[in-house]
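Student: Please take a close look at one part of this model, the packing of its helices. I would like the cores, the helix pairs and the loop residues treated in one connected account.

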Amino acid sequence: MNESRAARYQRLRRRAEAVSAAAGALLLVACAATPAGEWLAAWARRNAAGVPAPWRAVTEVALFVGLLALALEVLAIPTVLYLAAKRRPSSAGRPTSDSVARPGFEGRGVLSAQLQTAAFGVIAAVIVGMVVHVAATETGGWWWLTTGLTLSVILAAAVRGVSTLIARAGGVQPLGDAGLSARLSAVSESAGVPVAGIFEWRASDDETHSASVTGFGRGRRVLIAPELVRDWSRDEITVVVAHELSHHKHHDLIQSLILDALLMSAALAASDAALWAAGIPASALTALPLIALTASAIWLAATPFRHALSRWQERRADQFALAVTGEADAFAAAVRRVGDRNLIEDRPDRLTRWFFHRHPTIEERLAMAGKR
Ligand SMILES: [Zn+2]
């Protein structure tokens, strides 16, 4: 593959994301430090005035947070469109007639995907805002701890729910390749991670998934993307599935959720200190932008720790996959394929690795398999 193209795309992606995050931060600063926050709060109170008393306060929070989150999502749209344009293979090389004729199509697809993401983001923000508000009114000075714990439980439930949805959502069927199916069952057996069945997605436009293991205990299922079934060798698929089984065997998801819960509570404790310094009660509407700003800053600062845990888990999963299958060549081929498809840089600098990489670099992964 063209390595400089991957490096260039990733550099642009990071820059665009930084610009988008800075725009969001500016909006929050404007709400926290200027009368804009008070105006927004007054608007929310006016519009919630007709709601019966027990529900009025949460409605005010929903309106306040909803409008703010909507503005943040609108600010993110240019970034998403810009990156979608850069991601198209043709945009890096010759301007083909294809790329001239089709941007409208792709733009529309990207836009509708972004609308879904935005709707989800707004709903999530409103839920978080309500949790903060109820915690502040009901648990007073401990609001940051009760909010941190409540949000962690909601996050864990959501992760589990999404996993179940992926497994149940119509589009899966038992893997047609009986030989591969038997082999994957044998691997899961020897890995000590029992699975209920091996499936493939019927169709998928989602190119980010290759294989995943969903569910828990004996209800676990292995899901394989159609692209893998079509184009990848059986050895490569086996190695990738073995890698995913390692995440289950070592409870990597639970570890990550626990670290996230601790960091989230610490970030909210810092928000509490910021509110105290600013003399704003946590239950006030105008507290919310300051809470979001402080907690996001702490969360961002903690990103290297979260990613370091992830890279350690990924390294262990790679080692596990190599040990269970003994397929170093297939492992190297699969790592290169994933790297090409996701435009992953071969040699990111250290800062980039700390803040953006949840996986070891391609070089490190190939070196682990002795294939460099
Ligand atoms: Zn992994």
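Tutor: The account below goes from the cores to the helix pairs, and then to some single residues.

This is a predicted model, in which local features need pLDDT of at least 70, side-chain atom pairs count only at pLDDT 80 or more, and totals for chains, interfaces and linings use all residues. Residues are numbered from 1 along each chain as its sequence is written.

Helices here are DSSP runs (H or I, at least four residues; strands are E, at least two), numbered from the N terminus. A residue is buried with 20 or more other C-beta atoms within 10 Å of its own, exposed with 12 or fewer, and partly exposed in between, with C-beta atoms placed from the backbone. A nonpolar core is a set of buried Ala, Val, Leu, Ile, Met, Phe, Trp, Tyr and Cys residues joined through C-beta atoms within 7 Å.

The largest nonpolar core contains 37 residues, and Phe64, Val65, Leu68, Val132, Leu288 and Ile291 have the most contacts inside it. At least two residues of this core come from each of H1 (3-33), H2 (36-47), H3 (53-87), H6 (103-139), H7 (143-168), H11 (252-278) and H12 (287-301). H3 gives the largest share, 8 residues. Two residues are in contact if their C-beta atoms, placed from the backbone, lie within 7 Å. By that rule, and with neighbours within four places in sequence left aside, Phe64 is in contact with Leu40, Ala41, Ala44, Leu285 and Leu288. Apart from this core lies another, of 36 residues, which includes Leu175, Leu184, Leu228 and Ala321.

Leu288 and Ile291 belong to the run of buried residues in H12, which consists of Ala287, Leu288, Pro289, Leu290, Ile291, Ala292, Leu293, Thr294 and Ala295. The 15 residues of H12 reach 21 Å from first C-alpha to last, close to the 21 Å expected at 1.5 Å a residue; the expected span is 1.5 Å times one less than the number of residues.

Two packed helices are described by the angle between their axes and the distance between the axes. Axes are lines fitted to C-alpha atoms, for helices over the stretch in contact, and angles run from 0 to 180 degrees between N-to-C directions. Angles under 35 degrees count as roughly parallel, over 145 as roughly antiparallel, 65 to 115 as roughly perpendicular, and the rest as oblique.

H11 packs with H13 (residues 303-325) at about 170 degrees, their axes 11 Å apart, which makes the pair roughly antiparallel. On the H11 side are Asp252, Gln255, Ser256, Leu259 and Leu263, and these meet Arg306, Leu309, Ser310 and Gln313 of H13. The contact of H11 with H13 has 3 nonpolar, 4 polar and 2 charged residues. For these classes, Ala, Val, Leu, Ile, Met, Phe, Trp, Tyr, Cys and Pro count as nonpolar, Asp, Glu, Lys and Arg as charged, and the others, Gly among them, as polar.

H10 and H14 (residues 328-341) pack at about 80 degrees, with axes 8 Å apart, so H10 is roughly perpendicular to H14. Asp235, Glu236, Val239 and Val240 of H10 make this contact with Ala330, Phe331, Ala333 and Ala334 of H14. The residues of the contact of H10 with H14 comprise 6 nonpolar, no polar and 2 charged.

His250 is in the loop between H10 (234-249) and H11, and His251 is found in that loop too. His250 is partly exposed, with 15 other C-beta atoms within 10 Å. His251 is exposed, with 12 such atoms within 10 Å. Phi of His251 is near 55 degrees, a positive value in a residue other than glycine. His250 and Trp39 are 211 residues apart along the chain, and their C-alpha atoms are separated by 50 Å.

Pro304 is in H13 and is partly exposed, with 14 other C-beta atoms within 10 Å. Leaving aside neighbours within four places in sequence, Pro304 is in contact with Trp354 and Phe355. The C-alpha atoms of Pro304 and Phe355 are 5.4 Å apart, with their positions 51 residues apart along the chain.

Ala85 lies in H3 and counts as partly exposed, having 14 other C-beta atoms within 10 Å. From Ala85 to Asp252, C-alpha to C-alpha, the separation is 35 Å in space and 167 residues in sequence.
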